Amino acid sequence: MPSDLAATATRDISGALNALLADIFALYLKTKNFHWHMSGPHFRDDHLLLDEQADQIFAMTDVVAERVRKIGHVTLHSMGEISRLQRVLDNDAVFVTPQDMLAELREDNGTLARRMREAHAMIEAGGDVAASSILEVYIDEAERRAWFLYESSHRATQLMRPGGIFMRSREAASRAYSGDLRPN
Ligand SMILES: [Fe+2]
């Protein structure tokens with residue numbers, strides 16, 4: 001064993017990291033899928049946003065896999081192994097609206113952040129300070145991606161009020177369409 005961490009702890013930590021790694025690969029490919037198949041009035045922004053996010057997601061893979069090796073365990077070997085471990089659901093639909101793409105990725109990144117937080121608690125208890133610290137940065141990045149996706153997916157329902165204030169919710173937009181401009 002290259003690490004002096006307890007063997008039982010490293011087994012559990014490796015299991016958690018490998019499951020996260022499968023999710024990260026699945027989310028990487030879904031983000032690229034939506035980057036390739038994006039459409040709509042904000043094509044350029046959305047297409048470029050998803051490419052930036054895919055690069056950030058892909059950059060996690062080597063670090064997570066090598067953390068598993070550093071603590072003496074084996075990591076993922078194949079696409080088949082990824083598909084058996086991934087919890088992120090694939091989306092093979094021929095057409096997905098841009099709003100649905102952004103909303104689905106926002107959800108997936110939020111879920112990934114939550115799963116990393118859960119793994120972090122266990123990893124910290126197991127004493128793997130380095131893996132904890134790696135995940136802390138990745139949790140922040142996933143939350144940043146979710147934030148950008150959230151704000152971008154609300155763009156379609158933004159309306160400028162006469163006073164110059166943006167309204168963001170569908171409810172606010174429909175009130176404005178029906179002529180009701182009470183403060184919300
Ligand atoms: Fe591209």
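Biologist: Which residue just after H4 takes a positive phi?

Modeller: Gly127 does, at about 85°. Bear in mind that this is a predicted model, where local features need pLDDT of at least 70, side-chain atom pairs count only at pLDDT 80 or more, and totals for chains, interfaces and linings use all residues. Numbering starts from 1 along each chain as its sequence is written.

Biologist: And what follows H2?

Modeller: Gly72, again with a positive phi, near 90°.

Biologist: What makes something a helix or a strand here?

Modeller: They're DSSP runs, numbered from the N terminus: H or I over at least four residues for a helix, E over at least two for a strand. The chain has six helices and two strands, running α-α-α-α-α-β-β-α from the N terminus on.

Biologist: How do you know that the end-to-end distance of H4 agrees with its 28 residues?

Modeller: The expected span is 1.5 Å times one less than the number of residues. For H4 that should be 40 Å, and the end C-alpha atoms are 41 Å apart, so the two agree.

Biologist: Why is Leu105 called buried?

Modeller: Buried means 20 or more other C-beta atoms within 10 Å of a residue's own (exposed is 12 or fewer, partly exposed in between), with C-beta atoms placed from the backbone. Leu105 is among the H4 residues that are buried, as are Met101 and Ile123.

Biologist: What do the buried residues of H4 pack against?

Modeller: H1, H2 and H5. Those of H2, in turn, pack against H1 (7–37), H4 (98–125) and H5 (129–153).

Technical notes:
Two residues are in contact if their C-beta atoms, placed from the backbone, lie within 7 Å.
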